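Please look over the strand pairing and the helix in the structure shown here, with attention to which side chains are covered.

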Amino acid sequence: MLNIWGRISSINVRKVVWCAQELALDFQRTEAGGQYGVVQTPEYIALNPNALVPVIDDGEGAERVVLWESNVIVRYLCAKHSSGRLYPDLLAERFDAERWMDWQQTTLNPASAGAFRQWIRVPPAERDLAVIARSVTATEPLFAMLDAHLATRRFMLGDNFTMADIPLGCEAHRWFGLPAAEYTHPAWPNVERWFAELKARSGARGVLDLPLE
C-alpha cells in the first residue's frame, strides 16, 4: 500500500492525494503538519529531513521508495502507474509537462502565496495589505498567461489530462477559493472552463471541492 503523510489543507498534499485518486491507487493518508504535528518526530525526520509535508512511502524491501517534494511524487506515481497516459511517453510532451509543473512551483506558487496566507490564515486585524497587494499584482498576470495557454487546449498539454494539470489545478483551486468578499479575480474564461472540468473529475473529489483553510 502507498502511505502518504500530510494534512489535506496543504496544497502540496492535495496534489499527491488527487494524483493517487486519479490512478485509483490503494493508499493510506496519515495527518501530519500544522495542528497535527508529527513532522518534528525522529521517525518523520528519518523520512523527510526537511520536516515538511508530504512524504510517501511506497513498496517494500528492495522496491521500497520514500519520496518528498510534491511535484516529484506526482511524477513518480504517474510514471509508475500511468506511463503513456498521465506521464507522457514522448520526450517533448513529457518535458512540456515538467516545465509547467516547475513553473507552478517556482513562479505561480510564490506569487500567490502572500494573498492566500493573509486572507485565509491571518486574522483580519493582523493582515498586511501591502503583502496582499503585491501578491495580487504578481499573480494576476500569471493566470492571464495560463489563460492564453489554455485558449487552444482542453488541458495543459492538449486533449488529454496529464500530470501537468494536477499542480496547476491545485493552484487554481487555491486562488479561486479566496474569499469573495475580499477579492474578485479578472475574467479568465479558459482557466475557468479548464478548472470546472478538473473539478468534475472523480479523482479530484475530496480535493478540489474542499474549502481553503
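The briefing below takes the strands first and then the helix.

This is a predicted model. Strand E3 (residues 55-58) pairs in the antiparallel sense both with strand E1 (residues 2-5), over three bridges, and with strand E4 (residues 65-68), over four bridges.

**Strand E3 and its partners**

- Within the pairing of E1 with E3, Trp5 has Val55 of E3 as its bridge partner, and Val55 is itself buried, pointing from the strand the way that Asp57 does.
- On the E4 side, Asp57 has Val66 as its bridge partner.
- Ile56 and Asp58 point the other way from Val55 and Asp57, and all four of these E3 residues are buried.
- In a regular strand the side chains alternate between the two faces of the sheet.
- The hairpin formed by E3 and E4 has six residues between the strands, and in this hairpin Gly59 takes a positive phi near 85°.

**Helix H1**

- Helix H1 (residues 11-22) contains twelve residues, and the distance from its first C-alpha to its last is 16 Å, which is close to the 16 Å expected at 1.5 Å a residue.
- H1 is mostly covered, with ten of its twelve residues buried.
- The buried residues of H1 include Ile11, Val13, Val16, Val17, Trp18, Cys19 and Ala20, and also Arg14, Lys15 and Glu22.
- Just after H1, Ala24 takes a positive phi of about 55°.

Terms used
Residues numbered from 1 in each chain as written. Predicted model: local features only at pLDDT ≥ 70, side-chain atom pairs only at ≥ 80, totals over all residues. Heavy atoms only, no water. Buried < 20%, exposed > 50% of the residue type's maximum accessible area, 1.4 Å probe, protein only. Helix = DSSP H or I, 4+ residues; strand = E, 2+ residues; numbered from the N terminus. Pairing = 2+ DSSP bridges. Expected span 1.5 Å × (residues − 1).
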